[in-house]
Amino acid sequence: PMARPHVEAHSSNNSLVLIIVVGLFMFVFVLAVCGCKPSPRAYLTQEELDDARLRKEEVKEGRIKKQMMRLEKRLRGSRMRKAAISSAQETERLLEERKEEWSEKGKAVYGEAWEESVDGNMPMKDLFSLPPDELREIKIEAYNKALLKKGE
C-alpha cells in the first residue's frame with residue numbers, strides 16, 4: 001500500500017490551526033480577565049475614597065497602639081527588675097552598716113568573748129548570728145549542762 005502524503009499534511013495543518021486557535025482564545029481570555037477591569041477608584045466617590053483611607057489609617061493606629069502597649073509592659077517589667085536590684089543592693093549596704101555597729105556593741109559588752117572562744121564556748125558573735133531554731137537548741141543544751149553540774 002502506498003502512503004498518502006496529502007492526508008498526513010492535512011492532519012498536521014489541522015493540529016497547527018487548533019494550537020493557534022486555542023492560543024488566541026487564551027490570549028483574549030487573559031486580556032478580558034486582567035486588562036479590562038475598571039479600577040475601584042473609577043466608580044468610588046471622593047468621599048468613599050476618603051472613608052477608605054480613614055479606615056486604613058485607623059487600622060494602622062490600632063497596630064501602633066498595640067505595639068506601644070507591649071513596649072510599655074516591657075518597660076514596666078524592666079523598671080520593676082531595676083528597682084528590685086537597687087533595693088537588694090541598698091538592703092545589703094544597710095545590713096553591712098548594721099553588722100559593723102552590732103559588732104562594735106558586742107565588743108563593748110562581751111569584750112574578747114565576742115570574737116574568741118572563752119572556756120570552750122563558741123564566740124558570742126557566732127552564737128548571736130545563729131538561726132532561732134539552732135539558738136533554741138543550744139539554750140536547751142546549756143540548761144541541761146547547768147542542771148547536770150548542779151546535780152553533781
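A residue is termed partly exposed when its relative accessible area falls between the limit for buried, under 20%, and that for exposed, over 50%. In this predicted model, Lys-60 meets that description because its relative accessible area is 37%. Glu-57, at 45% relative accessibility, is likewise partly exposed. The side chains of Glu-57 and Lys-60 form a salt bridge, with a distance of 3.7 Å from N to O. The two residues lie 3 residues apart in helix 3, so about one helical turn separates them.

Further pairs occur along helix 3. Arg-93 is joined to Glu-90 by a salt bridge whose closest N and O atoms are 2.3 Å apart, and the two residues are about one turn of the helix from each other. Arg-93 is partly exposed, at 39%, as is Glu-90, at 36%. Together with Glu-97, these residues are linked in a network of salt bridges. A salt bridge also connects Arg-98 with Glu-101, at 3.3 Å between the closest N and O atoms. In total, 9 salt bridges are counted.

Ser-103, also placed in helix 3, is buried, since its relative accessible area of 13% is under 20%. Beyond its sequence neighbours within four places, Ser-103 contacts Trp-114 and Glu-115. Trp-114 belongs to the largest nonpolar core, together with Ala-113, Met-124, Leu-127 and Leu-130.

Helix 5, by contrast, has 0 buried residues out of 20 and therefore lies largely in the open.

Confidence varies among the elements: mean pLDDT is highest for helix 3, at 93, and lowest for helix 2, at 65. Where pLDDT is low, predicted coordinates should not be read in detail.

Key:
Residues are numbered from 1 along each chain as its sequence is written. This is a predicted model: local features need pLDDT of at least 70, side-chain atom pairs count only at pLDDT 80 or more; totals for chains, interfaces and linings use all residues. Side-chain values use heavy atoms; hydrogens and water are left out. A nonpolar core is a set of buried Ala, Val, Leu, Ile, Met, Phe, Trp, Tyr and Cys residues joined through side-chain atoms within 4.5 Å. Buried means under 20% relative accessible area, exposed over 50%, partly exposed in between (1.4 Å probe, protein chains only). pLDDT is the predictor's confidence in each residue, from 0 to 100. Helices (H or I, at least four residues) and strands (E, at least two) are DSSP runs, numbered from the N terminus. Contact means heavy atoms within 4.5 Å. A salt bridge is a side-chain nitrogen of Lys or Arg within 4 Å of a carboxyl oxygen of Asp or Glu.
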